[in-house]
Amino acid sequence: MSRAAKLTLAGTSIGAIAIVALVHYQQNSEKVAMHAGVIRDIEQQRLKKERQADFEMQRALEEEYRKVQQVHDGDGGPEKAKGNG
C-alpha cells in the first residue's frame, strides 16, 4: 500500500472510532439526564402529595375549630355589635 492509502485508512479509522465513542458518550449522558428527570418528577409528586395531605389536615382542623368556637372573618363583627367600633 502506498503511504497516502495508509494515511487515509488511519485517518478514517480514527475518525470512525472517535464518532462511535462520541455517540456512546452522548447516549450515556442522555440516559443519566432522563433518569434524573424521572427522579425529579417522583420527588415533585411526593411533595405534592405531602402538601395536599397537610392542606387536608389543616382543612379538617379548621372545620373542627369552627364547630367548637365562634370564628369571625375579620370584618369587625363582634366589636361593632358591642359599640366599640
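**Note on the salt bridges and surface of a predicted helical chain**

1. Glu50 and Arg46 lie four residues apart in helix α1, which means that about one helical turn separates them. Their side chains meet in a salt bridge, with an N to O distance of 2.9 Å. The model under discussion is a predicted one, and the remarks below should be read accordingly.

2. Arg46 also has a second partner. Its side chain meets that of Glu43 in a salt bridge, at 2.5 Å from N to O. Arg46 and Glu43 are three residues apart in helix α1, so here too the separation is about one helical turn.

3. Taken together, Glu43, Arg46 and Glu50 are linked in a network of salt bridges. How accessible are the members of this network? Arg46 is partly exposed, at 41% relative accessibility. Glu50 is likewise partly exposed, at 41%, and Glu43 is partly exposed with a relative accessible area of 37%. Each of these values falls between the 20% limit for buried residues and the 50% limit for exposed ones.

4. How many salt bridges does the structure hold? The total is three. Besides the two that involve Arg46, there is one between Glu62 and Arg66, whose closest N and O atoms are 3.0 Å apart. Glu62 and Arg66 are four residues apart in helix α1 and are therefore separated by about one helical turn. Glu62 counts as partly exposed at 39% relative accessibility, and Arg66 counts as partly exposed at 42%.

5. A nonpolar surface patch deserves a separate remark. It is formed by Val38, Ile39 and Ile42, which together have about 260 Å² of accessible area. Ile39 is found in helix α1, which spans residues 3-68. Ile39 can belong to such a patch because its relative accessible area is 45%, whereas membership requires over 30% and no salt bridge. With that value, Ile39 is classed as partly exposed.

6. On the chain as a whole, the secondary structure consists of two helices and zero strands. Buried residues make up 1% of the 85 residues. The chain exposes about 8,000 Å², of which carbon and sulfur atoms supply 59%.

7. One record-based annotation should be noted. An unreviewed UniProt entry marks residues 7-25 as "transmembrane region". In the model, this stretch is 100% helix and 0% strand. The C-alpha atoms at the ends of residues 7-25 are 27 Å apart. The label itself comes from the UniProt entry, and such annotations may be inferred rather than shown by experiment.

Methods. Residues are numbered from 1 along each chain as its sequence is written. This is a predicted model: local features need pLDDT of at least 70, side-chain atom pairs count only at pLDDT 80 or more; totals for chains, interfaces and linings use all residues. Side-chain values use heavy atoms; hydrogens and water are left out. Patches are made of residues with over 30% relative accessible area and no salt bridge: like charges are joined within 9 Å, nonpolar side chains (Val, Leu, Ile, Met, Phe, Trp, Tyr) within 5 Å. Accessible areas come from the Shrake-Rupley method with a 1.4 Å probe; for residues, only the protein chains shown count as cover. A salt bridge is a side-chain nitrogen of Lys or Arg within 4 Å of a carboxyl oxygen of Asp or Glu. Buried means under 20% relative accessible area, exposed over 50%, partly exposed in between (1.4 Å probe, protein chains only).
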